[in-house]
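Below is a short report on how some strands pair and how one helix is packed. Please look at the sequence and the structure first.

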Amino acid sequence: MAQVHPTAVVHPGARLHETVEVGPYSIIGEKVTIGAGSRVGPHVVIEGRTTLGERTRIFQFASVGAAPQDLKYAGEDTELILGDGNTIRESVTLNIGTAGGGGVTRIGNNNLFMAYSHVAHDCVVGNGCILANSAALAGHVFIEDFAIISALSAVHQFTRVGKHAFIAGGSMVVMDVAPYCTAQGDRAELAGLNVVGLQRHGFNEEQIGRIKEAYKILFRSKLQLAEAVAQLKAEMGGHSEIEYLLNFVSQSKRGLTR
């Protein structure tokens, strides 16, 4: 049996692995599933059709799986799905999806959600991401692996943030941020590359050099975007880090932060 504090309220229909710990005064709803080795702190509310993977750590006052803050939501049976190894700090809010947005808010593995951060309905968050204190994602946002959203930043709905991108504190992101880039300001503009992040994740000097050259061509030259993409394909196509960047750019619907 899971270790549930006597003051906690766990619905009989909830599915908790036997190694789960639930702290005092927490509430866990009927459609919740919690994986092995997870710890739920005091005064936590987990509701909705919510699935938490193994080794999830939730701190006090977090709200996980609540109905989305979307006026179109009418009680549909939508979901919130988290992978393994996520840390959810104090007063974080993670919402389930909406029928109009695919029905699922999906979060990968080993992410850190610092105090008061928010993930709205139908977002997708990859692996190894950090949302710092009071960072907020509007609905339908896509955050790729190892991106960092610094404190007091906000990301507009339907916006994408690429792998290894870094959003500086207090930024308002309204257009897609390309992989590897740093963005800052209101409204956010590019401020260079997240070289430190790339080094920490094992990119070698040659790869970083190609990314620097690609950044210059895409964002610092006077070429039109289509011309810059064509030049990059001709000069550096075939390298995985450049192919990924080009693919992200070509799929942008909101336009790119420049």
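The report covers two groups of paired strands and then one helix. The model is predicted.

## Strands β8, β11 and β14

Strand β8 covers residues 45-46 and strand β11 covers residues 63-66. The two run parallel and are joined by two bridges. Within this pairing, Val45 has Ser63 of β11 as its bridge partner.

β11 also pairs with strand β14, residues 93-95. This pairing is parallel too, with three bridges. Here Ser63 is matched with Thr93 in β14. Ser63 is thus a bridge partner of Val45 and of Thr93.

## Strands β25, β27 and β28

Strand β25 (residues 166-167) pairs with strand β27 (residues 181-184) in the parallel sense, over two bridges. In this pair, Ile167 lies opposite Ala183 of β27.

β27 is also joined to strand β28 (residues 189-193), but these two run antiparallel, with three bridges between them. Cys181 is opposite Leu193 of β28. β27 and β28 form a hairpin with four residues between the strands. In that hairpin, Gly185 has a positive phi near 105°.

## Helix α4

Which residues of helix α4 (residues 240-250) are buried? They are Glu241, Ile242, Tyr244, Leu245, Leu246, Phe248 and Val249.

What covers these buried residues of α4? The cover includes one strand, β24 (160-161), and two helices, α2 (205-220) and α3 (225-236).

Notes: Residues numbered from 1 in each chain as written. Predicted model: local features only at pLDDT ≥ 70, side-chain atom pairs only at ≥ 80, totals over all residues. Heavy atoms only, no water. Pairing = 2+ DSSP bridges. Buried < 20%, exposed > 50% of the residue type's maximum accessible area, 1.4 Å probe, protein only. Contact = heavy atoms within 4.5 Å.
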